[in-house]
Every structure is written in C-alpha cells, then in structure tokens.
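Trainee: Could we go through this one together before I set anything up? I would like to start with the overall picture and then move to single residues.

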Amino acid sequence: MTIKMNHSKKQAVTEFMLSRRSVLIKNMVEPGPNADELETILTIATRVPDHRKLEPWRLFVIQGDERREFGERLAAVKAQKEDITNIQINIEKDCFMRAPLVIAVIASPVEHKTPEVEQILSAGAVCQNINIAATSLGYASQWVTGWSCLDPAAQQAIGLDHKEFIAGYLYIGSSDEQPQDRQRPELKDVVTYWKAE
Ligand SMILES: Cc1cc2nc3c(=O)[nH]c(=O)nc-3n(C[C@H](O)[C@H](O)[C@H](O)COP(=O)(O)O)c2cc1C
C-alpha cells in the first residue's frame, strides 16, 4: 500500500477532519452499520499507535438483543450497590438499546516496560479511531463513559480481568441531525511555540 495520497484525497480527509462532529445518542436511530461496514470500523479501530505492539485493548461488539442482556447485567450490579428505583433500574437496562450498535473499548494494560499510561492512551486512540471510522462511513457516533467503566463489580459482571476497564462505549447509529459545531479552543490558548527562556 502506498502512503502517498493524491491532492484531492488529501483535501477530502482534511475537510472531513476539520468538520467531524459527534452526534448525541438521543439523536441516533436505526440502522447501524452492516457487517462489512462493521468490519471496516473494527479494522480501523485496531489500526492505532501501540508502543511495542502490546495490543493493550480489546473490543466488545454489542448489538441486537445482546444490548439488553449487557444492560441487564450492569443494572443488576447497580441495584446491588445502591438503593435505586425501578425507573432507574429500567433506564440502566435499556441504556445500550439507545443506538443500533455499541462498541465497548476495553483497556487491557499489562505489566511491561511500556508504561501503563501509554497503553491506556493507545486504548483512547482505539476509541477515537472508531469515532472517525463510523463518521466517515456516514454514521453518527459518540464516545461516552459512565459509572460502569471504572466500577470493579461492573467489570467483573461483564467478564473483564481485574486490570481491565472500559475506556469508552462508542454508540453508533444513523441520524439526520447535522450537529452545530462545538466551540473549539483558540490555538493561541493551548499551543505554545516552545522557546528556551
Ligand atoms: C473519555 C471520554 C468520555 C466521555 N464521556 C461522555 C459521556 O459520558 N457523556 C457525554 O455526553 N459525552 C461524553 N464525552 C464527550 C463526547 O464524546 C464528545 O467529546 C463531545 O460530544 C464532542 O465531541 P466532538 O468533538 O467529536 O463533536 C466523553 C469524551 C471522552 C473523551
């Protein structure tokens, strides 16, 4: 594969990256990606910088009826931890039904000379690659977290090892919404052209 892009391709990618936006889950509807598109998203997801090729992440694809099963497991954990109403339990159960497809990105850091924080950053890159891949295919996508991401009982309920946690849930669906742009930082506020004093 050549890594040189022709001018119009380069421009298209740049324009896409300059205008890409997440879409709120509440604005997502069916359909989600088909099997081929999902494979493309997963392939791009796992094509991330990864210091010393540790692959310190894995992915759960949650779709169809499994979305409710997943939500029910987490709702049961929440009900055990807290005094919550039936309404709140039902919200937890239905949480993953809000979009046709959810990909949970699991950070799986290992003991290694590559620092743990680098491994976790690589899992973050997986999340954002999913956002970019799904949007580039015309789908709405949003990276969200929540109480279950760092909760040991929730992690156990969904089959994670003790060092693992959820770096993000990527909700993906269709949407007619053209989200307005979000205010972005002024470069001068966040960028320093570093010079020795
Ligand atoms: C680690 C992480 C967790 C996030 N969790 C949530 C969340 O739980 N709920 C939410 O509304 N947005 C959450 N966001 C923010 C959205 O994913 C997103 O950044 C925001 O909607 C604007 O995104 P855009 O710049 O892609 O348009 C999270 C972002 C990150 C990086």
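Mentor: What follows goes from the whole chain to a few of its residues, and please keep in mind that this is a predicted model.

Trainee: Fine, so how many helices and strands does the protein chain have?

Mentor: There are seven helices and four strands in the protein chain, and in sequence order they give the pattern α-α-β-α-α-β-α-β-α-β-α.

Trainee: And what does the C-alpha trace span along its principal axes?

Mentor: The C-alpha trace of the protein chain spans about 55 × 45 × 40 Å along those axes, and of its 197 residues 38% count as buried. If you look at contacts with a separation of 6 or more, 80% of them involve residues 24 or more positions apart.

Trainee: What about the surface: how much does the chain expose, and how much of that comes from carbon and sulfur atoms?

Mentor: The protein chain exposes about 12900 Å², with carbon and sulfur atoms supplying 52% of that area. As for charge, there are 23 positive and 27 negative side chains, and the centres of these two sets lie 6 Å apart.

Trainee: Let's go inside, then. How many aromatic pairs are there?

Mentor: The structure holds four aromatic pairs. One of them is formed by Phe70 and Tyr169, which meet edge-to-face at 6.3 Å centre to centre with 85° between the planes. Because Phe70 belongs to helix α3 (residues 66-81) and Tyr169 to strand β4, this pair ties together parts that are 99 residues apart in sequence.

Trainee: Are those two rings buried or exposed?

Mentor: Phe70 counts as buried because its relative accessibility is 10%, under the 20% cut-off, and Tyr169 counts as buried too, at 2%. Tyr169 also forms an edge-to-face pair with Phe96, where the centres are 5.0 Å apart and the planes make an angle of 70°. Phe96 lies in the loop between α4 (86-94) and β2 (101-107) while Tyr169 is in strand β4, so that pair ties together parts 73 residues apart in sequence.

Trainee: Which residues form the aromatic cluster, then?

Mentor: Phe70, Phe96, Tyr169 and Tyr171 form one aromatic cluster, and within it both Phe96 and Tyr169 are buried.

Trainee: Switching to lysines: where does Lys78 lie, and is it buried or exposed?

Mentor: Lys78 lies in helix α3, and it is classed as buried because its relative accessible area is 15%, which is under 20%. Apart from neighbours within four places in sequence, Lys78 is in contact with Ile84, Glu92 and Trp147.

Trainee: And Lys163, what does its side chain make a polar contact with?

Mentor: The side chain of Lys163 makes a polar contact with the side chain of Glu116, at 2.5 Å. Lys163 sits in the loop between α6 (152-157) and β4 (165-173), and it is partly exposed, with a relative accessible area of 34%. Setting aside neighbours within four places in sequence, it touches Ala107, Pro109 and Glu116, while its C-alpha atom is 6.5 Å from that of Ser108, a residue 55 positions away along the chain.

Trainee: Ser108 and Pro109 make me curious about Gln119; which residues is Gln119 in contact with?

Mentor: Beyond neighbours within four places in sequence, Gln119 is in contact with Leu54, Pro56, Trp57, Ser108, Pro109, Val110, His112 and Thr114. Gln119 lies in helix α5 (residues 116-136) and is buried, with a relative accessible area of 2%, and a polar atom of its side chain lies 2.9 Å from the backbone oxygen of Thr114.

Trainee: Last topic, backbone geometry. Which residues does the cis peptide bond join?

Mentor: That cis peptide bond joins Glu30 and Pro31, with omega at about -5°, and Pro31 lies in the loop between α1 (7-19) and α2 (35-45).

Trainee: What is the phi of Lys53, and of Glu55?

Mentor: Lys53 has a positive phi of about 50° although it is not a glycine, and Glu55, also not a glycine, has a positive phi of about 45°. Lys53 is in the loop between α2 and β1 (57-63), and Glu55 lies in the loop between α2 and β1 as well. At 71% relative accessibility, Lys53 counts as exposed, because the cut-off for exposed is over 50%.

Technical notes:
Residues numbered from 1 in each chain as written. Heavy atoms only, no water. Helix = DSSP H or I, 4+ residues; strand = E, 2+ residues; numbered from the N terminus. Buried < 20%, exposed > 50% of the residue type's maximum accessible area, 1.4 Å probe, protein only. Contact = heavy atoms within 4.5 Å. Areas by Shrake-Rupley, 256 points an atom, 1.4 Å probe, with all protein chains shown as cover. Lys, Arg positive; Asp, Glu negative; His and termini not counted. Charge placed at Lys NZ, Arg CZ, Asp CG, Glu CD. Polar contact = N/O pair within 3.5 Å; in protein donor to acceptor, adjacent residues only side chain to side chain. Phe/Tyr/Trp six-rings, centres within 6.5 Å; stacked < 30°, edge-to-face > 60°.
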